[in-house]
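Biologist: Please take a close look at one part of this model and say what surrounds it. Then place that part in the rest of the chain, and give the cut-off for each term you use.

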Amino acid sequence: RDELPQGSLNDMAASVNAQALINISRKRLCSKASKETREAWRAVKAEMEKVDPVMASAMVPECVYRGFCPERMSCMFVKTEVYRRMLEEYRR
């Protein structure tokens, strides 16, 4: 952190358990997260799908997990057909 300017790309390594992956996904896959954050976490989820599809299926945004958007200023994703399909798939 002290060697690179803020905003520079760098490698990252982390150790997490299944519950941490689910919790992180709830925030990082939310439409309120930055585009770059969502793209990076979708890449993590895609890698997880290769080794554990069931685990990856639990990695959803907060609104899908809860069935509604808990954000004060919703992005209105919950009003879309894509959301309805994701929710239906998640609840199976």
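Modeller: I start with Arg84, which lies in helix H5, residues 81-91. Helices here are DSSP runs of H or I with at least four residues, strands are runs of E with at least two, and both are numbered from the N terminus. The model is a predicted one, in which local features need pLDDT of at least 70 and side-chain atom pairs count only at pLDDT 80 or more, while totals for chains, interfaces and linings use all residues. Residues are numbered from 1 along each chain as its sequence is written, and side-chain values use heavy atoms, with hydrogens and water left out.

Arg84 counts as partly exposed because its relative accessibility is 43%; buried means under 20% relative accessible area, exposed over 50%, and partly exposed in between, with a 1.4 Å probe and protein chains only. Leaving out residues up to four places away in sequence, Arg84 touches Val78 and Lys79, where contact means heavy atoms within 4.5 Å. The C-alpha atoms of Arg84 and Gly67 are 9.4 Å apart in space, with the two positions 17 residues apart in sequence numbering.

Next to Arg84 in sequence is Tyr83, which counts as buried because its relative accessible area is 4%. Tyr83 also takes part in ring pairing: the search of the whole structure finds 1 aromatic pair. The rings of Phe77 and Tyr83 have their centres 5.7 Å apart and their planes at 80°, so this pair is edge-to-face. The rule is that rings of Phe, Tyr and Trp (its six-membered ring) pair if their centres lie within 6.5 Å; planes under 30 degrees apart count as stacked, over 60 as edge-to-face and the rest as tilted. Phe77 is likewise buried, at a relative accessible area of 18%. Met76 is found in the loop between H4 and H5. Met76 is not a glycine, yet has a positive phi of about 75°. With 43% relative accessibility, Met76 is partly exposed.

On the other side of that loop is helix H4, residues 62-66, which holds Glu62. Glu62 is buried, with a relative accessible area of 8%. Apart from neighbours within four places in sequence, Glu62 is in contact with Arg26, Lys27, Phe68 and Pro70.

Now the nonpolar cores. A nonpolar core is a set of buried Ala, Val, Leu, Ile, Met, Phe, Trp, Tyr and Cys residues joined through side-chain atoms within 4.5 Å. The largest has 8 residues: Leu21, Ile22, Leu29, Trp41, Met48, Met55, Ala56 and Met59. H1, helix H2 (35-51) and helix H3 (53-57) each supply at least two residues of this core. Apart from it lies another core, of 6 residues, among them Cys63, Val64, Tyr83 and Leu87. In soluble globular proteins, nonpolar side chains tend to be buried together.

Within the largest core, Leu21 sits in helix H1, residues 18-28, and is buried at a relative accessible area of 9%. Beyond four places in sequence, Leu21 touches Val16, Trp41, Met48, Met55 and Met59. The C-alpha atoms of Leu21 and Val44 are 9.3 Å apart, with the two residues 23 apart along the chain. Leu29, a member of this core, has contacts outside four places in sequence with Arg38, Trp41, Arg42, Lys45, Met59, Val60 and Pro61. Ala20 is also in helix H1, but is partly exposed, with a relative accessible area of 22%. Between the C-alpha atoms of Ala20 and Met59, 39 residues apart along the chain, the separation is 9.9 Å.

For the chain as a whole, there are 5 helices and 0 strands. The C-alpha atoms fill a box of roughly 45 × 35 × 20 Å along the principal axes. Of the 92 residues, 24% are buried. Among contacts between residues at least 6 apart in sequence, 42% join residues at least 24 apart. The protein chain exposes about 7,300 Å², and carbon and sulfur atoms supply 52% of it; accessible areas come from the Shrake-Rupley method with a 1.4 Å probe, and for residues only the protein chains shown count as cover.
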